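Got your viewer open and the cartoon view switched on? Let's take a walk through this one, one selection at a time.

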Amino acid sequence: MKLEGIATFVTVAESGSLSEAARRLRVSRSVVSERLVELERSLGASLLQRSTRKLSLTEDGAAFLARAARIVRDVQEAAADLAERRGQLSGPLRIAAPVTFGRMHLGPALYPFLAAHPDIQLTLDLDDRRVDATSDGFDAVVRHGPIADTYLVAWQLATSRRVLVAAPAYLDRHGTPRSPNELEDHRGIFYTHRGAADWRFAQQGETRIVRARPSLVLNNGDMMRDAALAGLGIALLPVFIVSGALKAGTLCVVDVGVEAEQEYIYMAHADGQHPSAKLRALGAWLRAAFGEPPYWETEGRG
């Protein structure tokens, strides 16, 4: 059984076609077919069902794929580790991150890192759902929020301050709350993945949860900010999302006498997984790029 045959099978399964696999591997379609035939012969099993219009995994192929992909990834990482020992950062790196933070801050910090290390092949998956680093095959996830998962090893990249914000027009119409009790009478804009119990404040050493009347529930931070700008209610949002609007005066900080609980921007990988040199280098780069306090705080104090 040859490694190139296993790698070819994984590429075919992931791409869904022999032609696309040949393009990715930079070989001819006939070479891809020959490698697959040789692999199936060595295994004594059919891995793929082929037709003129469709290519799909057999039951044996589906069972073999997960371990085959892991074998290929382990070999790629081993080769990358050797390169890193010679002072070179190279090989694949797969990261997941929230959409808004990825677009506004992570991407701009990543681009110079990749320019400095052109042999790294980065896959960045932006998704606001809570991605599972273990089962979804990521080297690491970048997250915003409290660090709570016990199966993850987290590296803090920056602190994150959240503030209550509203449009001046909303406050003119409904008044400005000055206490948590007054806040409960207002319309709230909430994040889908956190729910109405998300407004958590530190008060006299304890956690105070304020439940406002839901006006809108959204699964994206940009849209929450835009809803607040439209005067639909009060939102509790990270400063890294609203710093520009605060500076422009289109949103105002609503001070109710207590601050939201401390949160973090962090990178995390599965417990028991040894982080590669390139992942450690990326973590150090991002910490330096964001700064402490993070650079968006200089625009967001209001």
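## Stop 1: Ser215 and its neighbours

Select Ser215 to begin, and you land in strand β11. What you have on screen is a predicted model, so keep that in mind as you click around.

Now show the side chains around Ser215. Leaving out residues up to four places away in sequence, Ser215 touches Arg187, Gly188 and Leu232. Zoom in on Arg187: its side chain makes a polar contact with the side chain of Ser215, at 3.2 Å. Next, add Ile189 to your selection. Ser215 and Ile189 are 26 residues apart along the chain, but their C-alpha atoms are separated by 5.7 Å.

## Stop 2: the five-stranded sheet

Zoom out a bit and colour the strands β11, β8, β12, β7 and β13. Those 5 strands form an open sheet, in the order β11-β8-β12-β7-β13, with mixed pairing. Which strands stand at the edges? They are β11 (213–218) and β13 (252–253); each has a single partner strand, so one side of each is left without a neighbour in the sheet.

Step inwards to β8, residues 187–191, and β12, residues 234–238. These two pair in the parallel sense over 2 bridges. To see one bridge up close, pick Ile189, whose partner in β12 is Ala235.

Keep Ala235 selected and look over to Val165, which stands opposite Ala235. Val165 brings you to β7, which runs antiparallel to β12 and is joined to it by 4 bridges. β7 also pairs with β13, again in the antiparallel sense, over 2 bridges. There, select Ala166 and you'll find Cys252 of β13 standing opposite.

## Stop 3: both faces of β7

Stay with β7 (162–166) and show its side chains. How many of its residues are buried? The count is 5 of 5, so β7 is mostly covered.

Here's a handy idea for reading any strand: in a regular strand, the side chains alternate between the two faces of the sheet. Try it by colouring β7 in two groups. Arg162, Leu164 and Ala166 are on one side, Val163 and Val165 are on the other, and all of them are buried.

What lies across this part of the sheet? Select helix α9 (residues 239–248) to find out: it lies across β7, β12 and β13, running at about 115 degrees to β12.

## Stop 4: β5 and the loop before it

Time to move to another strand. Select β5 and count its buried residues: 6 of 6, so this strand is mostly covered as well. Split β5 by face and you get Ala140, Val142 and His144 on one side, with Val141, Arg143 and Gly145 on the other; both groups are buried.

Now bring in the partners of β5. Strand β3 (residues 91–97) pairs with β5 in the parallel sense over 2 bridges. In this pairing, Ile95 stands opposite Ala140. Strand β15 (residues 263–270) runs antiparallel to β5, and 5 bridges join them. For an example, click Val142 and look for Met267 in β15, which stands opposite.

Next, select Asp139, in the loop between β4 (120–126) and β5 (140–145). Is Asp139 buried or exposed? Its relative accessibility is 9%, and buried means under 20%, so Asp139 counts as buried. Follow its side chain and you'll see that it reaches the backbone nitrogen of Arg94, at 2.7 Å.

## Stop 5: a three-stranded sheet

Now hide what you have coloured so far and pick out β10, β9 and β14. These 3 strands form an open sheet in the order β10-β9-β14, with antiparallel pairing. β10 (206–209) and β14 (259–260) stand at the edges; each has a single partner strand, so one side of each lacks a neighbour in the sheet.

Strand β9 (residues 200–203) pairs with β14 in the antiparallel sense over 2 bridges. Click Ala202 and you'll find Glu259 of β14 opposite.

## Last stop: a cavity

One more thing to look for: empty space. Rolling a probe the size of a water molecule over the atoms shows where empty space is left. How many cavities of 30 Å³ or more are there? The count comes to 1, and the largest cavity has a volume of about 40 Å³.

To find the spot, select Lys2, Gly5, Arg35, Glu38 and Leu39, which line the largest cavity. Then colour helix α3 (residues 29–43), which gives the most to that lining, with 3 residues.

Notes:
Residues numbered from 1 in each chain as written. Predicted model: local features only at pLDDT ≥ 70, side-chain atom pairs only at ≥ 80, totals over all residues. Heavy atoms only, no water. Buried < 20%, exposed > 50% of the residue type's maximum accessible area, 1.4 Å probe, protein only. Polar contact = N/O pair within 3.5 Å; in protein donor to acceptor, adjacent residues only side chain to side chain. Pairing = 2+ DSSP bridges. Contact = heavy atoms within 4.5 Å. Axes fitted to C-alpha atoms, helices over the stretch in contact; angles between N-to-C directions. 1 Å grid on protein atoms, 1.4 Å probe; cavity = no way out; pocket = protein on both sides within 12 Å on 5 of 7 lines; lining within 4 Å. Points joined across faces, edges and corners; volume = space filled by probe spheres on them.
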